[in-house]
Amino acid sequence: MREFSIRRLDAGSPDFSSDLDRLLAWESVADQQVETAVSDILQQVKSRGDAAVIEFTNRFDRRNLQSAGEFCLGADALQLALQRIPAESREALELAAKRVREYHQHQLQSSWEYQEADGTVLGQQITAMERVGIYVPGGKASYPSSVLMNAIPARVAGVEEVLMVVPAPDNQLSDLVLAAAAIAGVDKVFTIGGAQAVAALAYGTETIARVDKIVGPGNIFVASAKRAVFGQVAIDMIAGPSEILVICDGKTDPDWIAMDLLSQAEHDEQAQSILLSPDADFLDAVEKSLQKLLADLPREAIASRSIADRGALILVRDIAQAIEVSNRIAPEHLEVSVDDPKQYLPQIRHAGAIFLGRYTAEALGDYCAGPNHVLPTSGTARFSSPLGVYDFQKRSSIIFCSPQGADTLGRVAATLAKGEGLDAHARSAEYRVPDIAD
């Protein structure tokens, strides 16, 4: 068994604020060497297209591609993968997809307009993006849930074409991922990854059509590439390490809470797991549970490092103070494991996803509850939201002026334009005002 340790903090301590800052500190994906390498890859793909994609894929993923057609998979290949997976896996994917689809259908926005008394019509037209690209980690890793969470909202939004890129290092490719793509309605899959895949989606190549938006998680090279192409295309977010914050009154089984903390810690060494409770004895019990449960985890080494480096058990005065601390942290995942958790919902201002009640494990949200698991991290829940249908829809303003409306608004616009020294603006508005135009 590995040596176990986890940080203990007291929200009543005079040093708590600075201690919390140190706990939350995380170096972003910015890295000068990575950014230099990514910049070169982006430029090469932009100028040389498929040839550069093949070159970098062969180099980084240890493949022997000779032509672009070798990294393209169509609907038939996805359906074959769907047939190959075990029936239990297919049923689980289909049920998860159904729940994700039904949840996201509630997010659909509709066009609207209203007419003013003089006949002027104002409104907003909602349209879907034409083509989006989703990035899915590949190789021996298998993240079919990532496929569902990124592709299904796009489909619900009405996106015409969904492209997926997934690396296949050493020609390793997961049937589960391809089966999920079939269920989620992905149109084409390209077995490429890294910055070259992001570049292909952003700029387009002879084989891969340029997309309007790129979504989905990836390593530091993918994150750096997404940041670099933002503006050429839209992106979802630059994601940091996974996070969970649990608020518990001390009445939930400590093994349950410990395993919830470990469910994030096993992601990677930089993941963060934090428990807030007013019950010091409960914090002790959870610490013992962590020690016990860690030993049985296949990813014990990763989880242990995550807990030791970035985990914490924090003693708070009461649940109200726990919510204050949580709002400051703005966690990706927030569990509220208390009696009558809904009473606290109005006080929770910043969280990516909120899991209410003792029986609601965060892991359910990762796979099949329905809401999206692509969530803001590293405190960005203060100003951003989960991935959703709205991320794949655009809004256009509608303005239709009647003659009377043009008269009224034209006078106002002309006055304001003259105040800004923009004479052509003023005249453009005045030309439609009869007594001024004459």
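These legends accompany a set of close-up views of a predicted model.

**View A. A parallel sheet of six strands.**
Welcome to the sheet that several of the later views return to. Its 6 strands follow the order 1-12-11-10-13-14, the sheet is open, and the pairing is parallel. Strand 1 (7-10) and strand 14 occupy the edges; each has a single partner strand, so one side of each has no neighbour in the sheet. Ignoring direction, neighbouring strands are turned by 15° against each other on average. Helix 1 lies across strand 1, strand 11 and strand 12 (312-315), and runs at about 145° to strand 1.

**View B. Strand 13 and its two partners.**
Here we step in to strand 13, where 5 of its 5 residues are buried. His333, Glu335 and Ser337 belong to one side, Leu334 and Val336 to the other, and both faces are covered. If you are tracing the side chains, it helps to recall that in a regular strand they alternate between the two faces of the sheet. Strand 10 pairs with strand 13 in the parallel sense over 5 bridges. Two residue pairs to look for are isoleucine 247 opposite valine 336 and cysteine 248 opposite serine 337. Strand 14 (residues 353-356) also pairs with strand 13 in the parallel sense, over 4 bridges. In that pairing, leucine 334 has isoleucine 354 as its bridge partner.

**View C. The surroundings of serine 337.**
Serine 337 sits in strand 13 (residues 333-337). Is serine 337 buried or exposed? With a relative accessibility of 2%, serine 337 falls under the 20% limit and therefore counts as buried. Leaving out residues up to four places away in sequence, serine 337 touches Ile247, Cys248, Asp249, Thr252, Ile257, Gly357 and Arg358. Leucine 356 is 19 residues away along the chain, and its C-alpha atom is separated from that of serine 337 by 6.4 Å.

**View D. Helix 13 and what covers it.**
This view turns to a helix. Of the 11 residues of helix 13 (residues 319-329), 8 are buried, so the helix is largely enclosed by the rest of the structure. The buried residues are Ile319, Gln321, Ala322, Ile323, Val325, Ser326, Asn327 and Ile329. Their cover includes helix 1 (16-24), strand 10 (243-248), strand 11 (272-277) and strand 13.

**View E. The largest nonpolar core.**
Next comes the largest nonpolar core, with 40 residues; Ile134, Val147, Met164 and Val186 have the most contacts inside it. Two or more residues come from each of helix 4 (75-84), helix 5 (87-105), strand 5 (131-135), helix 6 (144-157), strand 6 (161-165) and helix 7 (175-184). Another core, of 31 residues, lies apart from this one and has Phe56, Ala68, Val165 and Ala195 among its members. A good place to zoom in is isoleucine 134: setting aside neighbours within four places in sequence, isoleucine 134 is in contact with Val147, Asn150, Ala151, Val162, Leu163, Met164, Val165, Val186 and Val215.

**View F. An antiparallel sheet of three strands.**
Now for the second sheet in this set. Its 3 strands have the order 3-4-15, the sheet is open, and the pairing is antiparallel. Strand 3 (112-115) and strand 15 (393-400) are at the edges with a single partner strand each, so one side of each is left without a neighbour in the sheet. From one strand to the next, the twist averages 15°. Strand 3 is joined to strand 4 (residues 121-128) by 4 bridges, and glutamine 115 stands opposite valine 121. Tyrosine 114 is also found in strand 3. With 43% relative accessibility, tyrosine 114 counts as partly exposed. Beyond residues up to four places away in sequence, tyrosine 114 touches Thr120, Val121 and Leu122.

**View G. Helix 15 against helix 16.**
The last view shows a helix pair. The axes of helix 15 (residues 403-419) and helix 16 (residues 423-430) come within 8 Å and cross at roughly 170°. The two helices are therefore roughly antiparallel to each other. Helix 15 makes the contact through Gly410, Ala413, Ala414, Ala417 and Lys418, and helix 16 through His425, Ala426, Ala429 and Glu430. By type, the residues of this contact are 5 nonpolar, 2 polar and 2 charged. To relate this view to the previous one, take the C-alpha atoms of tyrosine 114 and histidine 425: they are separated by 26 Å, with the residues 311 apart along the chain.

Key: Residues numbered from 1 in each chain as written. Predicted model: local features only at pLDDT ≥ 70, side-chain atom pairs only at ≥ 80, totals over all residues. Heavy atoms only, no water. Core = buried A, V, L, I, M, F, W, Y, C linked by side-chain atoms within 4.5 Å. Buried < 20%, exposed > 50% of the residue type's maximum accessible area, 1.4 Å probe, protein only. Contact = heavy atoms within 4.5 Å. Axes fitted to C-alpha atoms, helices over the stretch in contact; angles between N-to-C directions. Parallel < 35°, antiparallel > 145°, perpendicular 65-115°, else oblique. Nonpolar A, V, L, I, M, F, W, Y, C, P; charged D, E, K, R; others polar. Pairing = 2+ DSSP bridges.
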